[in-house]
Amino acid sequence: MVEQRVPFIAGNWKMQQDHLQAIALVQKLAWTLKDADHDFEAVEVSVFPPFTDLRSVQTIVDADKYSIRYGSQDISEHDAGAFTGEISGAFLAKLGASYAIVGHSERREHHGETDATIGRKAAAAVRHGVVPVICVGETAEDLEQHGASAVPVQQLRDILAEVPAGDFVVAYEPVWAIGSGKAATPEQAQQVAEALRKTIAEVRDDEAAESTRILYGGSVKSANIAGFMREPDIDGALVGGASLDANEFAGIVRYRSHVGV
Ligand code: PGA
């Protein structure tokens with residue numbers, strides 16, 4: 001099969017780094033990757049800072065012509081209006097955000113987000129030309145009761161029902177693997193990624209299934225990334241904790257040097 005999906009390494013900073021720290025971290029990451037001669041067309045890199053950092057990140061990326069992309073950790077389902085505290089996709093597009101994470105398990109857990117809400121958020125992103133990174137994943141309890149794929153597959157189905165045609169990225173993040181230091185095995189992640197790709201083919205079409213990137217997330221680090229990237233249906237990673245250390249994150253981005261290709 002022809003490799004048409006560009007591998008994608010995404011760093012979710014969560015509620016960490018103020019805007020000054022964000023500038024320093026993006027600079028350090030850019031310099032580290034430049035020193036290593038990183039080819040951004042071969043492996044795409046994006047960071048996901050807090051909303052308050054995005055303008056600063058845009059400024060440094062534009063001024064220094066970095067090839068690092070950036071996105072938001074959330075997006076409003078609405079475009080404008082009386083929605084105190086919400087951030088419109090129109091504002092994100094103006095800031096040059098390429099992506100918006102939707103449905104991270106922390107938002108599901110702490111903000112009561114449902115698949116329907118997440119679907120509407122993904123639709124809002126698509127409306128503004130921002131590519132949604134749709135997160136799905138099972139809890140430890142789901143895993144025990146239904147196996148690994150059933151819950152993420154159903155979540156993706158319900159979310160995509162709300163989203164008009166357009167590009168999106170899927171991040172498979174088992175909830176029990178996030179921040180736990182206990183990543184899924186590459187075999188399990190592959191099994192779920194394959195089931196998710198089949199779901200995209202059913203809900204959309206074969207072309208969408210072939211071209212959509214599916215990431216694995218949950219305790220990814222430079223020491224375990226290569227195993228995931230060897231799997232045929234895993235096209236990258238959504239990285240939390242390890243994305244806050246420029247050297248470690250650059251090590252993940254440069255997984256090809258571990259795989260030896
Ligand atoms: P982690 O987080 O890499 O710290 O496990 C992943 C995520 O929440 O996206």
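Here, Ala, Val, Leu, Ile, Met, Phe, Trp, Tyr, Cys and Pro count as nonpolar, Asp, Glu, Lys and Arg as charged, and the others, Gly among them, as polar.

**View 1. Who sits around the ligand in this predicted model.** Let's start with the neighbours: 13 residues surround the ligand. Sorted by class, that shell holds 4 nonpolar, 7 polar and 2 charged residues. The closest ones are Lys-14, His-104, Glu-173, Gly-179 and Ser-219.

**View 2. Polar contacts from side chains to the ligand.** Look for Lys-14, which has a polar side-chain atom 2.7 Å from an oxygen atom of the ligand. His-104 joins in too: an N or O atom in its side chain is 2.7 Å from a ligand oxygen atom.

**View 3. A backbone contact at Ser-219.** With Ser-219, check the backbone: one of its polar backbone atoms lies 2.7 Å from an oxygen atom of the ligand. How much of the ligand's own accessible area does the protein cover? On its own the ligand has 280 Å² of it, and the protein covers 94%.

**View 4. Stepping back to the chain around the site.** The chain's secondary structure adds up to 12 helices and 8 strands. Its radius of gyration is 17 Å, close to the 18 Å that the globule rule gives for 261 residues, so the chain is as compact as a globular protein of that length. Along the principal axes, the C-alpha atoms fill a box of roughly 50 × 45 × 35 Å.

**View 5. Inside and outside of the chain.** Of the 261 residues, 54% count as buried. On the outside, the chain exposes about 11700 Å², and carbon and sulfur atoms supply 50% of that.

Notes
Residues numbered from 1 in each chain as written. Predicted model: local features only at pLDDT ≥ 70, side-chain atom pairs only at ≥ 80, totals over all residues. Heavy atoms only, no water. Near = heavy atom within 4 Å. Polar contact = N/O pair within 3.5 Å; in protein donor to acceptor, adjacent residues only side chain to side chain. Areas by Shrake-Rupley, 256 points an atom, 1.4 Å probe, with all protein chains shown as cover. Helix = DSSP H or I, 4+ residues; strand = E, 2+ residues; numbered from the N terminus. Rg over C-alpha atoms; globule rule 2.2 N^0.38 Å. Buried < 20%, exposed > 50% of the residue type's maximum accessible area, 1.4 Å probe, protein only.
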